[in-house]
Amino acid sequence: VPVTVILRSTASEGLVAWDPVAPARRPLTRSGGGHELTLPALGSVFVLGGGTADAAPSGPGTELPLDGDWRLTLPGLLETTLHGGPVPWTALGPAAAGFAGVGTYATDLVLDDDPGDAVVLLDLGADVGDLARVRVDGVDRGVVWTEPWRVDLTGLLRQGRTTVEIDVANAWMNRLIAEAAAPTGDIFGPVAEVYEPDAPVQTSGLTGPVVLHLYR
């Protein structure tokens, strides 16, 4: 559950919370003779004495759902088109459900206007199984491995067509379950027996919805 605490400091300057996941610095609001800090479930930040805070996006912004066609590639196993937005590859049949490795989702985004100096955030949705790397027209924008599943694309979008690629890597669990259910001999015996054949698979890939947020 979220937690709210009041921090007290002997320093006269204000306190700043630095979130290395965002990454962003935000000033803490003065409250009750101290500074109020609210953290989401399992969240954490570094609290710093003073320093420059980042300007938060202002205004309602514009949401652009990327709910068109997406191309999904599971190397050596599957190449398909997903209509209406990305879905986990574990929902695409037994073979895909047993895949472990890096799958790539790709879509083409067409903007009618140039975003200019707008702050642009790509929200990957409710969950990612297990971590993701985002590229825009081949430019690497880094990896996300925890909530919030957001990547800053400011300065990379332009009027016209842009290709967004998302590499998603999952753990080995699903492959071991598939091996236990239908042995191929490709995996060392004792390792293949870690999971029962009927063990539930771990959702892998993008759950969505994937949404682009623009704050001008």
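**Entry 1: the open sheet**

I looked up a sheet in this predicted model and found that it is open and built from three strands in the order β1-β5-β4. The pairing in this sheet is antiparallel. I recalled that strands of a sheet pair through backbone hydrogen bonds, either parallel or antiparallel.

I then asked which strands lie at the edges. They are β1, residues 3-7, and β4, residues 29-31, and each of them pairs on one side only. I also noted the angle between neighbouring strands of the sheet: on average they are turned by 40° against each other, with direction ignored.

**Entry 2: β1 and β5**

How many bridges join β1 and β5? I found five, in the antiparallel sense, with β5 covering residues 34-39. For one position I looked up the partner across the pair: Thr4 stands opposite Thr38 in β5.

**Entry 3: Asn170**

I turned next to Asn170, which I located in the loop between β16 (160-169) and α2 (173-181). Is Asn170 buried or exposed? Its relative accessible area is 13%; Asn170 therefore counts as buried, because the limit for that term is under 20%.

I followed the side chain of Asn170 to two backbone atoms. It reaches the backbone oxygen of Phe99 at 3.0 Å, and the backbone nitrogen of Gly101 at 2.8 Å.

Finally, I listed what Asn170 touches, leaving out residues up to four places away in sequence. Phe99 and Gly101 appear in that list, together with Trp89, Ala100, Gly129, Asp130 and Ser204.

Notes
Residues numbered from 1 in each chain as written. Predicted model: local features only at pLDDT ≥ 70, side-chain atom pairs only at ≥ 80, totals over all residues. Heavy atoms only, no water. Pairing = 2+ DSSP bridges. Helix = DSSP H or I, 4+ residues; strand = E, 2+ residues; numbered from the N terminus. Axes fitted to C-alpha atoms, helices over the stretch in contact; angles between N-to-C directions. Buried < 20%, exposed > 50% of the residue type's maximum accessible area, 1.4 Å probe, protein only. Polar contact = N/O pair within 3.5 Å; in protein donor to acceptor, adjacent residues only side chain to side chain. Contact = heavy atoms within 4.5 Å.
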